[in-house]
Amino acid sequence: MIRINCPYCGERDHSEFSYGGDASIKYPSLEASAKEWTEAIFFRKNIRGFQLETWHHSNGCRMWLEVERSTLTHEIKSVRPCHPDLQKVVENNK
Amino acid sequence: MTRFNAWNVIKNGLNGQSGWSRQWRDPEPKSNYDVIIVGGGLHGLATAFYLAKNHNIKNVAVLEKGWIGGGNAGRNTTIVRSNYMMPGNHEFYEHSLKLWENLSHELNYNVMFSQRAHVSLFHSPGARDSAARRYNVMRLHGTDAELWDLKTLKKKIPHLNYDDSRFPILGAAVQRRAGNARHDAVAWGYARAADSLGVDILQNCEVTGITRKNGSIESIQTSRGTIKGKKVGFAVAGNTSVLWQMAELGNLPIESHKLQAFVTESIKPLLDQVVVYGVGGAHFYISQSDKGSMVFGGDLDWYKSYAQRGNLPIVQDSAEAAMAILPCLGRIRLLRHWAGVMDMTMDGSFFICKTPISNLYLNAGWNYGGFKASPASGWYFADLIANENPHNYVHNHNLERFEKGINIDERGAGPDPKLHG
């Protein structure tokens, strides 16, 4: 079991989360060529080692997280919210 | 190499089994080959065999970083079927099944292919319609396919859980010619047959570097020295991206995911068919090996990984699925479970194609379906390498299909590799 330290909820089993995918993808502009869009949507680096990826805490706070995890050992180096400002917005609206 | 036949079996039975020779040689790498196949799995070995047999190209090396049969060749649930619908796929897998039917004779090696039927259960009228459509498409293309109603199914497999009110069994889509084979025997059979035609199988020979010159591959550095090849084929599903980037070719429409499988202790004959159970997006398949073990598998682990070990939530999922469909397995004990690394592609279909490098050919992206595809994969990959021209069945199984919008998506799941189970 991978344990993910959710910045909002604390350390939880990965079965509480849904795997998103590669977090390093940058989508091109709408006017970009078909080739660029194909590259962004279909082609992956598929890193063996540490990669940035997204996880959704779907059975928890439902926040998207950016996780730096090794695809070889499953070790996690860092976890941060995908949208760091979101917490501030939530707190300001209380 | 001593051939297997009745005469030799009797003769060696009388002389203490002393008359058998090595199954395949353990040669030193030569410096030059006509074709180098990287990857000594089932696909690589089959490719080498068909290169020698169909195309008379015998100066071939198969490079394997570990030992043959030690990668995904030994990490599968040994199911063989051809229930595919998309153009290209159904012809390809049907040809593969036909090759399976004669494989033991072809290789002079008993691969223990057992056409015990592949029984795919359905649990709702919608699922029945969908199965009827798929199996009608198969019949129109000359593949055997039938639908069993509940009465037939109960007669054939009486001990399934017919009382489940959440997911009641309505019947099954069946391919009778489908079944199982012995995975090690397939690896050894191809290795032995390829070796006897002159192919060098180089084990413990890991590729460590690739030297390119003027748009082609000049040589390959390995843990057993530098080897030159006029043509090079990659057949290393699971680690394709790593090798691809070693050749400085950039990204691929592939993610590596792991898939678990399970084996229980041996029991008396219980299940004569391969049974597939899929409800609510879950996925479970089970059969009984000739030794009596129940062999089953489920879904991917749902996150990208190169680790050949599985996670516990999927163990639980698979055990729950087993109990849901065959409650009589409740007290059986697991002997082993393992995970294999799959090339999951963006549309769930494979690649047998040319690459941006003129003398490099790619065989990759087998998703869940690599084992059954092995014979046809070797057949058409060898054909591509020998004739430079992709056969009609595989001419769309290339890397350009995504940009052209002709994805071969059997499941219609879209560009997310983990969904193409």
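This is a short dialogue on salt bridges and the contact between two chains.

Mentor: The model is predicted: local features need pLDDT of at least 70, side-chain atom pairs count only at pLDDT 80 or more, and totals for chains, interfaces and linings use all residues. Residues are numbered from 1 along each chain as its sequence is written, chains are lettered from A and ligands numbered from 1 in the order written, and side-chain values use heavy atoms, with hydrogens and water left out.

Trainee: What makes Glu255(B) and Arg44(A) a salt bridge?

Mentor: The rule asks for a side-chain nitrogen of Lys or Arg within 4 Å of a carboxyl oxygen of Asp or Glu. Here N and O are 3.7 Å apart. So the pair qualifies.

Trainee: Where does each partner sit?

Mentor: The pair crosses between chains. Arg44(A) is in the loop between helix 1 (34-42) and strand 4 (50-56) of chain A, and Glu255(B) is in strand 12 of chain B. Helices (H or I, at least four residues) and strands (E, at least two) are DSSP runs, numbered from the N terminus.

Trainee: Are Arg44(A) and Glu255(B) buried or exposed?

Mentor: Both are buried. Buried means under 20% relative accessible area, exposed over 50%, and partly exposed in between (1.4 Å probe, protein chains only).

Trainee: Why is Lys230(B) called exposed?

Mentor: Its relative accessibility is 59%. The cut-off is over 50%, so the word fits. Its salt-bridge partner is Asp34(B), at 2.8 Å, N to O. Asp34(B) has 26%, so it counts as partly exposed.

Trainee: What does that pair tie together?

Mentor: Asp34(B) lies in strand 1 (residues 32-38) and Lys230(B) in strand 11 (residues 225-234) of chain B, so the pair ties together parts 196 residues apart in sequence.

Trainee: How many residues does each chain bring to the contact?

Mentor: Chain B brings 28 residues and chain A 24. Contact means heavy atoms within 4.5 Å.

Trainee: How much area do chain B and chain A bury between them?

Mentor: About 2,300 Å², 52% of it on carbon and sulfur atoms. Buried area is the accessible area (1.4 Å probe) that two parts lose on being put together, summed over both. Tyr303(B), Lys304(B) and Glu403(B) supply 27% of what chain B buries against chain A, more than any other three residues.

Trainee: How many salt bridges cross this interface?

Mentor: The rule finds 2. A search of the whole structure finds 27 over all chains.
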